[in-house]
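Here are a few short exercises to work through with the model open in your viewer. Try each task before you read its solution.

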Amino acid sequence: MDVKALHELQKVDTAIEQAKVALEKLPERTHHAQAQSDLAHVRSSRDNLRREQSTMETELAVIEKKSVEIDAHRAKLERQMKTIIAPREAEALQNEMQTLAAERNELDDRGLLLLESSASVDEDVRKTVDTESRAVEVEATTAHALTQAAAAKSDEITVLLVRRAEVVLPIADADIATYDRLRASYKGIAVAVIQHGVCGGCHMDISVSELDIIKRLPIDQVAECPNCNRLLVR
Ligand SMILES: [Zn+2]
């Protein structure tokens, strides 16, 4: 078994896994998601303002219609007034006309108020439309940045996969099977390097006598960590 080749394969596999995680966690992805959320938010505000505008326009139209009706009614009463002789009837007409005038005043006041609010909402809509066009730009820019970054990361993965194909080629299938099994059971580390008497897989000390045994193993025999059983690079 060529443990060094397996160790090389493990390095490439680790790099591939890290690159895949990095692809998922690109900061550009977060920036783009934020830009999308901001855009949705500003569009929702704009829609709310437009609904508000439309409600006010509807009410203004109703006021307009009622005012026209009242004016017509008053004109009719004024004409009647000219033909009336009995003072009691004249008084009744007068009262009715006063009521209509009061109603008309109320409508005018409400109409003015609506016009003022409507002007202020119009201004808000203008501001929101500006904010929206900026948000559209930011969304497009961040989307582009994400596409670029993701493509770069994908290229990196492609290069690593080519490298993996090269590394894996001379390794025997049975050794690959052992490597895969060990990686699955040992959190991705099948092959470990001893550094300063410590196993790079389990981080436990390997005693001097155990190190000596490992060193004396015949070249065709695979060394394993006495603590975690990972393959050891000699
Ligand atoms: Zn170990």
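## Exercise 1: The sheet

This predicted model holds an open sheet of three strands, ordered β2-β1-β3, with mixed pairing. Task: work out which strands stand at the edges, and find the sense in which each pair of strands runs.

Solution.

Step 1. β2 (198-199) and β3 (231-233) each have a single partner strand, so they stand at the edges, and one side of each is left without a neighbour in the sheet.

Step 2. Take the pair of β1 (residues 191-195) and β3: three bridges join them in the parallel sense. You can trace this on the model, where Ala-192 has Leu-232 as its bridge partner and Val-193 has Val-233.

Step 3. Now turn to β1 and β2, which run antiparallel and are joined by two bridges. Here Ile-194 is partnered with Cys-199.

Step 4. Parallel pairing between β1 and β3 and antiparallel pairing between β1 and β2 together give the mixed sheet.

## Exercise 2: The hairpin turn

Task: how many residues lie between β1 and β2, and which turn residue has a positive phi?

Solution. The two strands form a hairpin with two residues between them. In that turn, look at His-196: its phi is positive, at about 50°.

## Exercise 3: Helix packing

Task: describe how helix α3 packs against α2 and against α1. Two packed helices are described by the angle between their axes and the distance between the axes.

Solution.

Step 1. Helix α2 (residues 27-83) and helix α3 (residues 87-168) have axes that come within 6 Å and cross at roughly 165°. An angle over 145 degrees counts as roughly antiparallel, so α2 is roughly antiparallel to α3.

Step 2. What is the contact of α2 with α3 made of, by class? It has 26 nonpolar, 14 polar and 17 charged residues.

Step 3. For α1 and α3, the angle is about 165° and the axes are 9 Å apart. This makes α1 roughly antiparallel to α3.

Step 4. Add the handedness: α2 and α3 cross in a left-handed way, and α1 passes α3 in a left-handed crossing.

## Exercise 4: Domains and confidence

Task: find the distance between the domain centres, and say where confidence is lowest and highest.

Solution.

Step 1. The chain is divided into domain 1 (22-167) and domain 2 (173-233). Their C-alpha centres lie 69 Å apart.

Step 2. The chain averages a pLDDT of 96, and 100% of the residues score at least 70.

Step 3. Confidence is lowest in helix α5 (residues 208-216), with a mean of 92, and highest in helix α1 (residues 3-24), at 97.

Technical notes:
Residues numbered from 1 in each chain as written. Predicted model: local features only at pLDDT ≥ 70, side-chain atom pairs only at ≥ 80, totals over all residues. Pairing = 2+ DSSP bridges. Helix = DSSP H or I, 4+ residues; strand = E, 2+ residues; numbered from the N terminus. Domains from an automatic or database assignment. pLDDT = per-residue confidence, 0-100. Axes fitted to C-alpha atoms, helices over the stretch in contact; angles between N-to-C directions. Parallel < 35°, antiparallel > 145°, perpendicular 65-115°, else oblique. Left-handed = near helix turned anticlockwise from the far one by under 90°. Nonpolar A, V, L, I, M, F, W, Y, C, P; charged D, E, K, R; others polar.
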